[in-house]
Structures are given as structure tokens and as C-alpha cells.
Amino acid sequence: MNKMRNMPTNVLPTIYVVDDDASVRESLSSLLRSAGMQVEVFASALEFLDHKNLQAFACVVLDVRMPGLDGFGLQERLSALGRDIPIIFITGHGEVPLAVRAMRAGAIDFLNKPFEDTDLLNAIELALSHLSSTSHERLALTELRGLYDTLTAREKQIMAEVALGKLNKAIAFDLGVTESTVKVHRHNVMHKMQLKSIPALTMAMQRLRGANAITVELAQP
């Protein structure tokens, strides 16, 4: 297996191992480092919560049953804090209800001890690939919003009208301007937004709206 498939080549992923068993922390640390990953280990959930500088390209390998705050408790805390980091649960208690609970709460996988090294590495690859694709989408949306912000107020209005499928003549009537003026603004929108077609413009508007990245003001006569 290509353990680093679909992952950024210029950034090593960080794997946080949270387990109260020192032997487990040591063995997993050795395995993951040999697979080309950075590893940080924690003996308890509270110790992990005290860690201030979580890396963006990372995931957590988390034991379910630990003294004090258990794995599920940590998962809930991270969610409440808005820390969107993939979690892979590991446990010596292979109970189906536990696995169902973990997956419903957003865990990537739930592995029963003892597990094969490849099973853990596959789960980590899945977690990081998912994280990478999500980060890519956020970056793309940020870039799209940046392009949108270069439009004038009138161009934003015309973009919204075009995305609704309105023809130049109808938009011109709404705005009280000539059709040629609409064509000029429309050309500017396509150029500034780096779009090649009306379907692409419509999709861009839908993405911006769907992410609540803009407040659309339709043209007023």
C-alpha cells in the first residue's frame, strides 16, 4: 500500500495517539514514524486537551476506555470546541453499540485491539485524504470569494441575475439601462471571476450561496 497516497507531498501529517497504555503508545509511535508520519503521544484525554497547537493536517488515534475523561468524552469536547479533526477509535472492547456510537458522532473508523498494522494505516490514510479534500474545498471557496469581492456592486447584481437564467434584455429592463451596458458588465464578471461559461457562473454562484459566503442583492429597477 502507498501509505501517503493523495496526501500533500510538502507536509508530513501529524498523528496524535491518545492512550493510557504506555506500551500501546510506544508501539503505535514506532509504527507511524516508520510510515513517514509525525507522532505526538498523550497518556490521557485531558492531557491532549491541554495541547494548544494542533496541526491542521492531522488526525487522532484515540482509545475508547481511559480513566477520567474517556474517548467519547474527548470526541464530544473537541466537537464543542469546534476542532474539526478526524478521529480513529481503538479499543480492546469490541462492542457493536460502541462502534455505532462512534461512527454516528463522526469517527472515521473503529478498530478492535489487536488490529493489523495495515488496518490502522488504511484508516489513517482515509482520515487524512478526507481532511485534505475538505481543506482543498475550503481553499477553493476562499479563492472564489476573493474573486467575487473584486466585482463592483452592479457586477454582483448582474451576476446574480445571470445565474437565475435571465436574458440580457430582461436584466437591462430591471436595471433601467441599455442591453449593451449589461453586456459590458457581464463580460467584466466573466473575466474577473475567471469563468468560461454561463453554467460555470451559475455553479460559482450556487457555491457561494451554499456556503453563506455572500449576500445576494438582485437588480432593482
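**Exercise 1. List the residues in contact with aspartate 19, leaving aside its neighbours within four places in sequence.**

Solution. Contact means heavy atoms within 4.5 Å. Under that cut-off, and without neighbours within four places in sequence, aspartate 19 touches Val24, Arg25, Phe42, Ala43, Asp63, Met66, Ile90 and Lys113. The model is predicted: local features need pLDDT of at least 70, side-chain atom pairs count only at pLDDT 80 or more, and totals for chains, interfaces and linings use all residues. Residues are numbered from 1 along each chain as its sequence is written, and side-chain values use heavy atoms, with hydrogens and water left out.

**Exercise 2. Locate aspartate 19 and decide: buried or exposed?**

Solution. Step one is the location: aspartate 19 sits in the loop between strand 1 (14-18) and helix 1 (22-34). Helices (H or I, at least four residues) and strands (E, at least two) are DSSP runs, numbered from the N terminus. Step two is the accessibility. Buried means under 20% relative accessible area, exposed over 50%, and partly exposed in between (1.4 Å probe, protein chains only). Aspartate 19 has 0% relative accessibility and therefore counts as buried. Step three is its polar surroundings: a polar atom of the aspartate 19 side chain lies 2.8 Å from the backbone nitrogen of aspartate 21.

**Exercise 3. Characterise aspartate 63, including its record annotation.**

Solution. UniProt, in an unreviewed entry, lists Asp63 for "modified residue: 4-aspartylphosphate"; such annotations may be inferred rather than shown by experiment. In the model, aspartate 63 belongs to strand 3 (residues 58-63). Its relative accessibility is 4%, so aspartate 63 counts as buried. Leaving aside neighbours within four places in sequence, its contacts are Val18, Asp19, Asp20, Gly71, Ile90, Thr91 and Lys113.

**Exercise 4. Which residues are linked with Lys113 in a network of salt bridges, and which parts of the chain do the pairs join?**

Solution. A salt bridge is a side-chain nitrogen of Lys or Arg within 4 Å of a carboxyl oxygen of Asp or Glu. A search of the whole structure finds six salt bridges.

- Aspartate 19 pairs with lysine 113, with the closest N and O atoms 3.1 Å apart. Aspartate 19 is in the loop between strand 1 and helix 1, and lysine 113 in the loop between strand 5 (109-112) and helix 5 (117-148), so this pair ties together parts 94 residues apart in sequence.
- Aspartate 63 also meets lysine 113 in a salt bridge, at 3.5 Å, N to O. This pair links strand 3 to the loop between strand 5 and helix 5, 50 residues apart.

Asp19, Asp63 and Lys113 are thus linked in a network of salt bridges. Lysine 113 is partly exposed, its relative accessible area being 29%.

A further salt bridge joins arginine 145 to aspartate 149, with the closest N and O atoms 2.7 Å apart. Arginine 145 is partly exposed at 32%, and aspartate 149 is partly exposed at 41%.

**Exercise 5. Which residues of helix 8 are buried, and why do they line one face?**

Solution. The buried residues of helix 8 are Val182, Val189 and Met190. Seen down the helix axis, the buried residues fall within an arc of 95° (taken from the directions from the axis to the C-beta atoms), so they line one face of helix 8. These buried residues pack against helix 6 (153-163), helix 7 (168-175) and helix 9 (198-210). The face turned away from the buried side carries the exposed residues His187 and His191. After helix 8 comes glutamine 194, with a positive phi near 60°.

How values were computed: A polar contact is a pair of N or O atoms within 3.5 Å; within protein, one must be able to donate a hydrogen and the other to accept it, and residues adjacent in sequence count only if both atoms are side-chain atoms.
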